[in-house]
Amino acid sequence: QVQLVESGGRLVQAGGSLRLSCAASGRTFSGYVMGWFRRAPGKEREFVAAIRWSIGSTYYADSVKGRFTVSRENAKNTVYLQMNSLKPEETAVYYCAADPTPGSVYSYYFSTSYNYWGQGTQVTVSS
């Protein structure tokens, strides 16, 4: 059974940085794509970033390119999202997700491609 547990969310000032963690367990994730999504109040869930675990290739939403970095640590079965220069409009619940049978790169950007989800971690960016 796949379990994903996010941590690291907290209150931070605009312009600040946070690193979110997603501890994955229950399977070998080498063939997976791991994604980060977020849902702001009153808005739909949106793609933030993804990483192909086996080769480390990364993918980002245009809005976060150059500021966010997704990475994984094999020894700890953990995926990270380093977020820099945070903006108040990025206040949201951030979710980690896992896709065990990744298709085209195009699919990485869609929440429907992911079978497993964590419970989310709250990030609040104050102005």
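Leaving aside neighbours within four places in sequence, leucine 81 is in contact (heavy atoms within 4.5 Å) with ten listed residues, among them Leu18, Leu20, Trp36, Val48, Phe68, Val70 and Tyr94. This is a predicted model, in which local features need pLDDT of at least 70 and side-chain atom pairs count only at pLDDT 80 or more, while totals for chains, interfaces and linings use all residues. Residues are numbered from 1 along each chain as its sequence is written, and side-chain values use heavy atoms, with hydrogens and water left out.

**Nonpolar core**
- The largest nonpolar core, a set of buried (under 20% relative accessible area, 1.4 Å probe, protein chains only) Ala, Val, Leu, Ile, Met, Phe, Trp, Tyr and Cys residues joined through side-chain atoms within 4.5 Å, has 39 residues, and Leu81 is listed with Met34, Trp36, Met83 and Tyr94 as having the most contacts inside it.
- Elements giving two or more residues to this core include β4 (33–39), β8 (78–83) and β9 (92–99), where strands are DSSP runs of E, at least two residues, numbered from the N terminus.

**Open sheet**
- Four strands, in the order β1-β3-β8-β7, form an open sheet with antiparallel pairing, two strands being paired if DSSP finds at least two bridges between them.
- Its edge strands, β1 (3–7) and β7 (68–73), each pair on one side only.
- Five bridges join β1 to the antiparallel strand β3 (residues 18–25), and serine 25 in β3 is the bridge partner of glutamine 3.

**Arginine 52**
- Arginine 52 lies in strand β5 (residues 46–52) and, with a relative accessible area of 25%, is partly exposed, a class that runs between the 20% and 50% limits.
- Beyond residues up to four places away in sequence, arginine 52 touches Tyr32, Val33, Ser57, Tyr59, Pro102, Gly103 and Tyr108.
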